[in-house]
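Trainee: Could you take me through one part of this model slowly, as you would at the bench? I'd like to see how a single sheet is put together and what lies against it.

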Amino acid sequence: MNESTENTANTGANHPTQELIIEGAGCASCVGKIEKALKDIKGVDSAEMNFALRTVSIGGNVNAATLISAIEAIGYNAKSANESSDETLLDEKEAADEKYYSTLMKQMWVAMGLGGPLMIYGLAGGPMTVETTLEQGVWLVIGLLCAGIMYFAGKHFYVGAWKSFVNHTANMDTLIALGTGTAWLYSMVVVFFPMALPEMARHVYFEATAMIIGLINLGLALEVKARGRTSEAIKRLIGLQAKTARVVRDDKEIDIAIEQVLLNDIVRVRPGEKISVDGVVTQGTTTVDESMLTGEPMSVKKDQNDEVVAGTINKTGSILFKATRVGKDTALAQIINMVKRAQNSKPPIGRLADVISAYFVPVIMIIAIVSALIWLNFGPDPTLAFAVVSATTVLIIACPCALGLATPMSVMVGVGKAAEVGVLIRNGEALQMASKITTMVLDKTGTITEGSPTVTDVIITNDKLTKQQILTAAASIESGSEHPLAQAIVKSTAEQGIEPEEVTDFEAITGHGVQAILNGQKLLFGNEKLMLENNVALKGFVDQAQRLADEAKTPMYLAIDNELAAIIAVSDPIKEDSIAAIERLQKNGIRVIMLTGDNRATAKAVAKKVGISEVFAEVLPEDKSNKVAELQAQGEIVGMTGDGINDAPALALANVGFAIGTGTDVAIESADITLMRGSLHGLADGIAVSKATLSNIKQNLFGAFIYNVAGVPFAAGVFYPFFGLLLNPVIAGAAMAFSSLTVVSNANRLRLFKPKDH
């Protein structure tokens, strides 16, 4: 992994991001209100809430106090998450969740303690009506006990509902408070004024109020428990961070806390220890296990001047390295930040759920009122009792908790699962779009091939020149270039002890080559087009260049004073697993295209070896994005994979841009997804995780809607005239509570997903 990794996670918005922890958000409809309140603040560019984590990420230039005030103004509480370390926040969240779980379970047992016996009594045939003074006294005591339970076990629902009412909004708490409150109030009216009601209407529903509160608290408790498992990817990443480091100061090796390591400190790492910060090896040789970051199982050899990355494990030797990135600047810290940000983001399908939930609660309240009115006017006796039951049941069963959890739970697990296999997804939109890719465009150099070409052939066409003179001229003109082929020539000549000389008037000719002056002579070095444009006679050497190209080598012509001097061929070996990875993509029905600036013959030779039939060669950097646009115009959903600066525009334009993590910073910044290792299997893995996540989201949304939407007609009594079916409010409470548990459990199934072996 090279230094570009430091920017792997530094992606997305060009504005600072703050994270707030939200308290009091009860359902999906809360999400839209919180996001709207934040977006209305001047200076806020974006606001995305993760209902599953109860956090919100805000982009823009606004201080935390202003953001928190806006949240509190609409009835919720908030605190900044930016002031603490990831590990501290996670520990605090786990402690808070454990406390919340314990509280909910106590509240559940207290509510069930009254509701359970009452329900059993009623099912056993015990009268739940008020006919005598004795019954009136008994039910009054039970009603007061029920009120105590409503306060102890359901206070959070009523407080939340009141805050929503004050702020002219409605949420899950509103529905629960109205449903249970209506059942309790009706029952108290029956207790105090039984003779004012028809005999058949003197039924009390205290068991429904207590049982609903108990069941919903149980559902919330189980949700909290299951929700904690979705953060395991972040926990594992945070767990990779070393706690201490052994640094060399004043010629002594001392152990210090990781937070105290400074830039340029010399750090000692012994066999079996975690590497504490990013750095460059200054002494020693070892092998390092980087699998926890890249997904690559093979250990990597590290010598002097090689980079090491925080969180990886030193396997064999003892080394010293100089710290180059510490604290929140390490690659691991930024990867954790990127994964967290991606988990907070919403795919388009999730935004749809937010829009629906914003209207869902008011619509349900209207349905409950209409249902009650119909029962009052057209229902059988006792009409009032039926009206209360149907309205209460509609309000309870329709709570959109599961709807709010459906998308973020799956995104959290999916993004974490992708990170485990070395695929870093920047946002929810990329996660969703990757599942729809129909065409994958691959750059050649550094993507399909190793990106470390070497000189294989030197054909001298001018007998007056020696091989050393040829290589000196080539190295001199290419010493200022960052192109992989140029670096191959400079490296090859350096290995032979040839030193480049200083050139003047250097000029890079895009897509053709370079020219310069060396010792008063004009040098041209590049492809056939460069030679022809400068009227350099190729003397029949084109066939030799073609032969080299057919062998998957890149031939380059060197001309001195417009006379052909040599052909130098460079070969970039194909990555070991490129063939298998490309075959995986094609088996999944994805059209694979190679796009390269290399000459056509070399490109076709490489494409043939890896099984690609469509090749666009000799493409200028500015035309790569045009090719992507052409494919999109044909209706293709295009993924673009590259590693170089010249790939950046195409990566940005593609529906999903994949950057090779060992490539340049610019490419990584332009991409939606970064492959932490160089293998193209990361593409197939990323797409597989994307498809599995999107499928999981759809299952969750279906599960959430089926509980809510399908349950409402039953609750309203639509089927009563035909089949005598009317849903009990207690059953509605159980269904509503366990709908959330169903969604969370289904999302957690994703944790078991493994991309197809390769």
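Mentor: Happy to! Keep in mind that this is a predicted model. Let's begin with what lies against the sheet: helix α18, residues 542-550, lies across β16, β20 (553-560) and β21 (563-571). Its direction is at about 150° to that of β20.

Now for the sheet itself. Those strands belong to an open sheet of six strands, and if you walk across it you meet β16, β21, β20, β19, β18 and β17, in that order, with antiparallel pairing. At the edges are β16, residues 454-460, and β17, residues 504-509, each of which pairs on one side only. From one strand to its neighbour the turn is 20° on average, direction ignored. As general background, strands of a sheet pair through backbone hydrogen bonds, either parallel or antiparallel.

For a closer view, pick the pair β18 and β19. Strand β18 covers residues 513-518 and β19 covers residues 521-526; the two run antiparallel and are joined by six bridges. A good place to put your cursor is Gln 515, which stands opposite Leu 524 in β19.

If you'd like another antiparallel pair to set beside this one, go to β1 (residues 17-23) and β4, which pair over four bridges. There, Ile 22 stands opposite Ala 78 in β4. Strand β4, residues 77-80, also lets you look at its two faces: Ala 78 and Ser 80 are on the covered face, while Asn 77 and Lys 79 are on the uncovered one. In a regular strand the side chains alternate between the two faces of the sheet.

Key
Residues numbered from 1 in each chain as written. Predicted model: local features only at pLDDT ≥ 70, side-chain atom pairs only at ≥ 80, totals over all residues. Heavy atoms only, no water. Pairing = 2+ DSSP bridges. Axes fitted to C-alpha atoms, helices over the stretch in contact; angles between N-to-C directions. Contact = heavy atoms within 4.5 Å. Buried < 20%, exposed > 50% of the residue type's maximum accessible area, 1.4 Å probe, protein only.
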